[in-house]
Amino acid sequence: MSLLLSFVSIVIFTAIGLSVITVLKALKKSSIIEKLSLAFGVGVGVVGIQMLIFQLLNIQWDVRVLLFPWILITFFLLVKNHQNVTLPYKTKNDLLTDKISLLIFISILLLIAFTTFEALMRPLSSWDGFATWLLKAKVFYVSDTINSEIIRYTESDYPLTLGLAITFMYKVIGSLNDKAVLLLYPTFYAALGGMFYVNCRKLTSRKVALLATFLLLSTQNLIRHGGRYEAGLADLPLSFYFFTLVSLGLTQLRKQDRASLILITLFAIITFTIKNEGIPFVIIYSIATLFFTTRKRNHVLSTLLIGAAILSWESVKRVYQFPHNIFLSTNIETYKLPHIFSALLNELINVQNWSGLWIVFMITTILCLISKKSYQTIFIYIVIYAQLCVYVIIFLVAGSNVVEHVKIFDRLLIHLAPIALLAMLLTLKDLKIINKFDNKSTEQYIQLSKKPH
Amino acid sequence: MNKIKSTLKIVVIFLILIWIPFNGMRTMYNLSKIYTEEMAWIRLSDEEKREKLFEDRYIFIQMIDEETKISDSININSQDGMVYYLARYYLYPKKIYWNSQVRTNYYATFDKNNISESVMNRTVVRKVKGKEFKGVLYK
């Protein structure tokens, strides 16, 4: 029963996300995979933020009260659009007709099924899961509130959105079941796969896009965080939000669309409320888009909104007396650099965790540097390397034992792994390597996807 | 420069061609774990799974839980950080504090009011599966 209710809460997240996307009139021509994956991420984020706002406004965390605004919005949308309710369409050429594509597709489904099975096989077992993320969810659920005493007791300066979204799941389930709520993690894993496939499909043929998605999802570190022993952390969700933000940004750079920009702004706000590492990422992303976009005015507005949201979040942290944030430290200990780079290099070549992902990425970086490249490729590499620099700086300023601290590089690289794989594809496309394996060009696909069948 | 570029292109294609079957085999290996590893887990209850995952730490936490009330504060004297974090998670809303500057492992003081004013009442010793767990209960 708990598992069923956990599934219901996932459906609720997705439905809420869909209503938000519909209200914003964004992604009108997107495929069903993209809409559902994105809607799930939006749903988790807005429910978490809604619970925090309700707490600040002293509104009770009752499931019915929490769902009321969303039911109202959905009802309004149904009344308004009752005559033109259409399912997201799919193009004829996206049907799985050849055997190789079908085989890869089945492998992807098996991976998702395996990760789900693994997540639900065991109760929570990841260290940071019980020390931070699910502890917060449990504390909020049991106390039915957030206050400075609780925040101090959890000893964590991390944002609250993910913990509150899990608290919402506990509310829907009606009890504390830390096994059932782990269903959230394979869902993030599947949603990441969905978003990744859709974005690869915009660049290349179905077969190559499926193959790239398979390579991403069969990466052992992602499988572990999706369900096998490491479910319960925030790194896989953050990876989903990073990738989705960048992919939305890439689309936005190509075709400027105000509705999508609002969605991107919302997504950026959700991203930095998942984990602290989201704040520098969102800042880097905003600066990079501002640099590459042609419509600066809209992007400046979006950046200002994101900046205001970051400041609001910092104020909330003061209200609840969050512990000290290492980002605010200015004591840079350069003697740590050799340890940091050696640990980073060791992790990049760790085939056990990443297969060939980072090794190929490093070579494609060199290829990108010495070849003609598109502005999208430059954008994506800037974002990846700037965020990697941030991680190095965090290790330099953090007052912890560096030898122990750098062991978390395997988790930090998860945040960037899907973006790195997409960057690889972009480089291979710039070099016309993947075009040789394509059945048809990207332009043809884009044209086809504009015309519903 | 062109020579370097063509060499790197070949290296990338070669690595990707290794990467695909490597991940294919990894996927098969992962799926095989359902039979080789997970069969032992499927039959276990959630409590048994927790004991299997956290071993004697979980048994120790269960002992604390049985010996204390919801309003109690518990001081764990142990070098093992994991037992503290697990206790903090599993025993909430009971308040858990950690003293890591000790040599012993798994020794808890259960404080109902204030440790400095309390009088030792009794020592709880529980033997589970051949291991001895100790806690001191204060009034």
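**Entry 1: R64(A) and its partner**

I began with R64(A), which is exposed at a relative accessible area of 65%. I was working in a predicted model, so I kept that in mind throughout. R64(A) forms a salt bridge with D62(A), and their closest N and O atoms are 3.2 Å apart. I then looked up D62(A) itself: its relative accessibility is 17%, so it counts as buried, the limit being under 20%.

**Entry 2: K207(A) and D98(A)**

Next I picked another bridge within chain A. The side chains of K207(A) and D98(A) meet with N to O at 3.8 Å; the cut-off is 4 Å, so the pair counts. K207(A) sits in helix 9 (residues 206-217), while D98(A) belongs to the loop between helix 3 (63-80) and helix 4 (99-121), so this bridge ties together parts of chain A that are 109 residues apart in sequence. I checked exposure too: K207(A) is partly exposed at 27% relative accessible area, and D98(A) also counts as partly exposed, at 21%. Over all chains I have 20 salt bridges on my list.

**Entry 3: across to chain B**

How many salt bridges are there between chain B and chain A? I found six. One of them joins the side chains of E38(B) and R228(A), 3.0 Å from N to O. This pair crosses between chains, from the loop between helix 1 and helix 2 of chain B to the loop between helix 10 (220-226) and helix 11 (235-254) of chain A. E38(B) is buried, with 0% relative accessibility, and R228(A) is buried as well, at 7%. I followed the shared partners from there and got one network made of E118(A), R122(A), R228(A), E37(B) and E38(B). I also noted a salt bridge between the side chains of R50(B) and D178(A), at 3.2 Å from N to O.

**Entry 4: the interface as a whole**

I stepped back to look at how the two chains meet. Here 43 residues of chain B are in contact with 54 residues of chain A. Together the chains bury about 4,400 Å², and 69% of that is on carbon and sulfur atoms. Which three residues supply more of the area that chain B buries against chain A than any other three? They are W19(B), Y89(B) and Y92(B), with 19% of it.

For polar pairing, I counted 21 residue pairs in polar contact between chain B and chain A, both residues at pLDDT 80 or more. Several elements of chain B give two or more residues to the side that touches chain A, among them helix 3 (46-54), helix 5 (81-91) and strand 2 (95-99). Helix 1 of chain B gives the most, with 20 residues. By type, the residues on that side of chain B divide into 26 nonpolar, five polar and 12 charged.

**Entry 5: cysteines**

I looked for disulfides and counted zero over all chains. Why does C200(A) have no bond to C368(A)? The closest cysteine sulfur to that of C200(A) is the one in C368(A), and at 17 Å it is too far for a bond. C368(A) is in no disulfide either, as its nearest cysteine sulfur, in C389(A), is 15 Å away. Both cysteines I began with are buried: C200(A) has 0% relative accessibility, and C368(A) has 7%.

**Entry 6: Q55(A)**

Last, I visited Q55(A) in helix 2 (residues 32-56) of chain A. Is Q55(A) buried or exposed? At 12% relative accessibility, Q55(A) counts as buried. Leaving out residues up to four places away in sequence, I found Q55(A) touching W61(A), D144(A), T145(A), I146(A) and Y320(A).

Conventions. Residues are numbered from 1 along each chain as its sequence is written. Chains are lettered from A and ligands numbered from 1 in the order in which they are written. This is a predicted model: local features need pLDDT of at least 70, side-chain atom pairs count only at pLDDT 80 or more; totals for chains, interfaces and linings use all residues. Side-chain values use heavy atoms; hydrogens and water are left out. Helices (H or I, at least four residues) and strands (E, at least two) are DSSP runs, numbered from the N terminus. Buried means under 20% relative accessible area, exposed over 50%, partly exposed in between (1.4 Å probe, protein chains only). Contact means heavy atoms within 4.5 Å. Buried area is the accessible area (1.4 Å probe) that two parts lose on being put together, summed over both. A polar contact is a pair of N or O atoms within 3.5 Å; within protein, one must be able to donate a hydrogen and the other to accept it, and residues adjacent in sequence count only if both atoms are side-chain atoms. Ala, Val, Leu, Ile, Met, Phe, Trp, Tyr, Cys and Pro count as nonpolar, Asp, Glu, Lys and Arg as charged, and the others, Gly among them, as polar. A disulfide is a pair of cysteine sulfur atoms within 2.5 Å.
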